[in-house]
Amino acid sequence: MLKIAVLGSTGSIGKQTLDIVRNNQNHFKISALTANSNIQLLCEQAKEFKPETIAIADISKYRQLKRTIDSDIRVLSGVEGIIEAATQDSTDLVLSAIVGIAGLEPTYNAIKKGKRIALANKETLVTAGSIIMTEAAKHNVQIIPVDSEHSAVFQCIQNDGNNIDKIILTASGGPFRTKTYDEITKATVADALNHPNWCMGKKITIDSATLMNKGLEVIEAKWLFGVSSDKIEVCIHPQSIIHSMVEYVDGSIIAQLGIPDMRLPIQYALTYPHRTKVTGTKLKLSEVKKLTFEKPDNKRFPCLKLAYDALQQGESACVVLNGANEIAVNSFLQRKIKFTDIYRLVYSVLEDHNSMVVSSINDVFLIDDWSRNACKELLKKGGYN
Ligand code: NDP
Ligand code: MG
C-alpha cells in the first residue's frame, strides 16, 4: 500500500489524483491532503479519504476547518503546516500539485526527508532546478514527472537515457494558435481560458495560451533530463496525441502517445515502474485520423523565446521570469492588463535584472520577491508599454 500526500488536493491535478486513488483503493492510501483556502472541498476529501493530516495554507481558515473536521485528523495551517503535511513520517510519496512557487518549499523539504516525488508543480524546477536535483541525488530521491510532456520523455528514455540527441516537447498551441497578432491583443480572459484540448487550473491555462507554459517546460526538461537548452526543441502539435518525443543519435525518434487526459501521467507517476489498467477512453488512431506538426511562431508567442533567453542567462533569470509571470498572469485574470501585456511585463522585469548566483532556497525567494515587486511597480507606473 503506497501512502500518498497530495499537495494541492483541491486543484485540477489534485482532484484527478484522488480519482485514481478512489479507483485503486487496494494499492493507494492518502496520508495527507493540503489546500490554499478551499476548506469546503478539503473537508469533503478528508471525510472520504481519512488522511492522518490535512493542512490549509490560509491561516484565517484554520478555526473553521478545525471545527468541521473529525477530531482524529490532524489539522495544520500556514506554510509550516503544508511543509509538515509534506514531510510526515507515514508518507511514501508526495504528489506535488500546488500551483506556482508556493509549491517549492514543501517539495524541497519532502525531498530532504527522502520522500519519493511525483512532480506536477513545474515552478519548483523552473526556480530551483539545480538545488532540487542536487538534493534529490543526495537523498537518493526519485523525481517522477507528472507534466504530460515530461512523463512522455521519461517513458521514452526508459530503455536508453544515454544516447539522446534531442528532446522534442509537443505543444497544442493553445486557443490562439490560428489567431493573428491583432486578434491576440484583443483576447479576453474567457478567450484565453478556453483551451482546445486540456481542462486545467487557470494559471497554467493562461500560460498555455501565451506559450509561457512551454517555456517553463523547456526549463523543467533541462533539469529533469540533464540536457542543455539547444537540445530541447518545441513542436506545435494541435491534436495533443503525441505527448513528446526523444530523438536518439542514430536519428530514431521515440514518441509516447495517448488521449489528452492527465490521469495517465499521474497514474504512471504513482505506479512507476509498473503499469496498471486505466478505466475510461483509450486512444483510437483511426478516429484521430491526422497528426500534424508546426513550428512555434515567436512573433505571435514571444514568451516561449523569453524562457529560452532566461535559461541562457542563468538560474536567477529563470526565477525572475517565473515570479514576474505569476504576477502578470494574475493581473490579466483580474482584468487589469491586456493579454499581450503579460509578455511586455515579464520582458521589462527581465531587462532590469542583473544575473546572480543562486545557491540556496533563500536566494530563490529573495530573487522571486525582487521580481514580484519590480513587476508590481511596473504595473503601477505602466512603464512597460
Ligand atoms: P489549480 O489552480 O487547479 O490548483 C492549485 C492547487 O494549489 C489547489 O489545491 C490550491 O488550493 C493550491 N494552492 C494554491 N495556492 C497555494 C498556496 N499559496 N499554498 C498552498 N496551496 C496553494 O492548479 P493545477 O492543478 O492546474 O496545477 C497545479 C500544478 O501542476 C501547477 O504547477 C501546474 O503547472 C502543474 N500542471 C498542471 C496540469 C493540469 O492539467 N492542470 C498539467 C501539468 C502540470 P485552493 O483550491 O484552496 O486554492
Ligand atoms: Mg505540460
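In this predicted model, the largest nonpolar core holds 125 residues, and the members that touch the most others are Ile4, Ile54, Leu95, Ile143, Leu321 and Phe339. Helix H15, spanning residues 315–333, gives this core its largest share, 11 residues. As background, nonpolar side chains in soluble globular proteins tend to be buried together.

Leu95 is a good residue to click on if you want to explore the core. Leaving aside residues up to four places away in sequence, Leu95 touches Ile4, Ala5, Val6, Leu7, Ile13, Thr17, Ala118, Val146, Ile266 and Leu270.

Let us turn to the metal. The magnesium ion (ligand 2) has three protein donors, Asp147 (OD), Glu149 (OE) and Glu217 (OE), at 2.1 to 2.2 Å. Along the chain, the spacing of these donors reads D-x1-E-x67-E. Glu149 belongs to helix H7 (residues 148–156) and Glu217 to helix H11 (residues 212–225), so the pair ties together parts that are 68 residues apart in sequence. Both Glu149 and Glu217 are buried.

Next come the domains. The assignment divides the chain into domain 1 (2–141), domain 2 (148–301) and domain 3 (314–385). Measured in contacts rather than distance, 23 residues from domain 1 meet 23 residues from domain 2. The centres of these two domains, taken over C-alpha atoms, are separated by 25 Å. Between them, domain 1 and domain 2 bury about 1900 Å², and 68% of that area is on carbon and sulfur atoms. On the domain 1 side, Ile20, Lys122 and Val126 supply 29% of the area buried against domain 2, more than any other three residues. Three salt bridges are counted between domain 1 and domain 2.

Across the whole structure, a search finds 23 salt bridges. Here are some of them, with the N to O distance for each pair.

| Pair | Distance |
|---|---|
| Lys203 and Asp207 | 2.8 Å |
| Lys203 and Glu123 | 3.1 Å |
| Asp309 and Lys305 | 3.1 Å |
| Glu247 and Lys166 | 3.6 Å |

Lys203 appears twice, with Asp207 and with Glu123. Lys203 and Asp207 both sit in helix H10 (residues 202–210), four residues apart, which is about one turn of the helix. Lys203 counts as buried because its relative accessibility is 13%, and Asp207 is buried too, with a relative accessible area of 1%.

Helix H14 (residues 302–313) holds another pair four residues apart, Asp309 and Lys305. Here the setting is partly exposed, with relative accessibility of 34% for Asp309 and 39% for Lys305.

The pair of Glu247 and Lys166 joins two strands: Glu247 lies in strand E10 (residues 242–248) and Lys166 in strand E8 (residues 164–171), so the salt bridge ties together parts that are 81 residues apart in sequence. Glu247 counts as buried at 16% relative accessibility, while Lys166, with a relative accessible area of 22%, is partly exposed. Elsewhere, Asp19, Arg22, Glu48, Asp261 and Arg263 are linked in a network of salt bridges.

One last residue brings us back to helix H15, where Glu326 is found. What does Glu326 touch, not counting residues up to four places away in sequence? The list is Gly100, Ile101, Glu123, Lys203 and Arg372, so Glu123 and Lys203, the partners in a salt bridge, both turn up there. Glu326 itself counts as buried, at 17% relative accessibility.

Technical notes: Residues numbered from 1 in each chain as written. Chains lettered and ligands numbered in written order. Predicted model: local features only at pLDDT ≥ 70, side-chain atom pairs only at ≥ 80, totals over all residues. Heavy atoms only, no water. Core = buried A, V, L, I, M, F, W, Y, C linked by side-chain atoms within 4.5 Å. Buried < 20%, exposed > 50% of the residue type's maximum accessible area, 1.4 Å probe, protein only. Contact = heavy atoms within 4.5 Å. Donors = N, O, S within 2.8 Å, 3.2 Å for Na, K, Ca; no water. Domains from an automatic or database assignment. Buried area = accessible area lost by both parts, 1.4 Å probe. Salt bridge = Lys/Arg side-chain N within 4 Å of Asp/Glu carboxyl O.
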